[in-house]
Amino acid sequence: MKGAIMQPYFLPYIGYFQLIASVDQFIVYDNIKYTKKGWINRNRMLLNSTDTMFSLPLKKGSDSLDVVERELAENFDRTKLLNQFRGAYGAAAYFDQTYPVLERIVCHEDANLFRYIHHSIVQLCEYLGIETEIRISSEIAIDHELKGQEKVLALCKAVRADTYINTIGGIELYDKDYFRSQGINLQFIKARLFDYPQFGAPFVSWLSIVDTLMFNPLNVVRACINENYELV
């Protein structure tokens, strides 16, 4: 059984969904520290041919809080965020096809950061035809005080994964020989560049999955998720 574990990211790039689709079980961390400068509550879209950040505003909270302990700001204007997407992509070829799922995601009423993002991941996987089982880390019976590689191994063993797939960015963090000694095959997934027209401007790569869906038919995006990567 193949497994993967990642932080929750809001409307992440296509590689995140390639990782989910490549495994049988995907574990999303809820009991992991929120990082201010990471990608948990923000990503990039194309606005006027330039990559532009969008984000979910949060209530003030301690730097020691886990993602599941953070809340969306009370003044988070969901309509304003939707209008940002409409302004950026209203003329895109697949706006009408993509906007309804985006609306379901953004208008979700839960104010908890983790649950809000978890809902968005589930909605997008359903839309993209990804049938991988999605599990929440804190609901898996392990010692959650473990860190790094040891926590990953504990989660893999708990769900009986014999193969663990991580993004290529983790190649310096994990030791294949050590994983093998623990009975688990470690692989890394590397997304291949998926180049497509963006209003005739020079291509801007690795934007949010929203960008990919706005400019490509759904069947092409699904094929890219299932095929346009390599495992090393």
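Is Lys60 buried or exposed? That is a good place to start a walk through this predicted model, and the points below take it from there.

1. **Lys60.** With a relative accessibility of 87%, Lys60 counts as exposed, because the cut-off for that word is over 50%. You will find Lys60 in the loop that runs between strand 4 and helix 2. If you would like a distance to try in your viewer, take the C-alpha atoms of Lys60 and Arg86: they are 28 Å apart, with the two positions 26 residues apart along the chain.

2. **Helix 2, its length and its start.** Moving on along the chain, helix 2 covers residues 78–89. Its 12 residues should span 16 Å at 1.5 Å a residue, and the end C-alpha atoms, 17 Å apart, agree with that. Look also at the start of this helix, where a side-chain oxygen of Asp77 comes to within 3.1 Å of the backbone nitrogen of Thr79.

3. **Helix 2, its two sides.** Which residues of helix 2 are buried? They are Arg78, Leu81, Leu82, Phe85, Ala88 and Tyr89. Seen down the helix axis, these buried residues fall within an arc of 125°, so they line one face of the helix. As a reminder, an α-helix has 3.6 residues a turn, so residues three or four places apart point the same way. Thr79, Lys80 and Gly87 are exposed on the other side of helix 2.

4. **What helix 2 packs against.** The partners of its buried residues include two strands, strand 3 (42–47) and strand 4 (50–55). Helix 3 (95–106), helix 4 (113–128) and helix 7 (209–215) are partners as well.

5. **Helix 3.** Here too the length agrees with expectation: 12 residues should span 16 Å, and the end C-alpha atoms are 15 Å apart. Phe95, Thr98, Tyr99, Val101, Leu102, Ile105 and Val106 are the buried residues of helix 3. Among the elements that cover them are helix 2, helix 4 and helix 7.

6. **The cores.** The largest nonpolar core holds 62 residues, and Phe17 and Tyr89 have the most contacts inside it. Helix 4 gives the most to this core, with nine residues. Apart from it lies another core, of 18 residues, including Tyr29, Ile142, Leu153 and Tyr174. In soluble globular proteins, nonpolar side chains tend to be buried together.

7. **Around Tyr89.** Which residues does Tyr89 contact, leaving aside its neighbours within four places in sequence? They are Met45, Leu46, Phe95, Phe199, Val210, Asp211, Met214 and Phe215.

8. **Two residues with positive phi.** Phe199, one of the contacts of Tyr89, has a phi near 55°, a positive value in a residue other than glycine. Phe199 sits in the loop between strand 7 (185–191) and helix 7, and is partly exposed at 46% relative accessible area. Asn48 also has a positive phi, of about 55°, although it is not a glycine. The loop between strand 3 and strand 4 holds Asn48, which is exposed with a relative accessible area of 71%.

9. **Thr163.** A last stop is strand 6 (residues 163–167), where Thr163 is placed. Why does Thr163 count as buried? Its relative accessibility is 9%, and buried means under 20%. The side chain of Thr163 makes a polar contact of 3.4 Å with the side chain of Asp162. Not counting residues up to four places away in sequence, Thr163 touches Met1, Lys2, Gly3, Ile184, Asn185 and Gln187.

Methods. Residues numbered from 1 in each chain as written. Predicted model: local features only at pLDDT ≥ 70, side-chain atom pairs only at ≥ 80, totals over all residues. Heavy atoms only, no water. Helix = DSSP H or I, 4+ residues; strand = E, 2+ residues; numbered from the N terminus. Buried < 20%, exposed > 50% of the residue type's maximum accessible area, 1.4 Å probe, protein only. Polar contact = N/O pair within 3.5 Å; in protein donor to acceptor, adjacent residues only side chain to side chain. Contact = heavy atoms within 4.5 Å. Expected span 1.5 Å × (residues − 1). Arc of directions from axis to C-beta. Core = buried A, V, L, I, M, F, W, Y, C linked by side-chain atoms within 4.5 Å.
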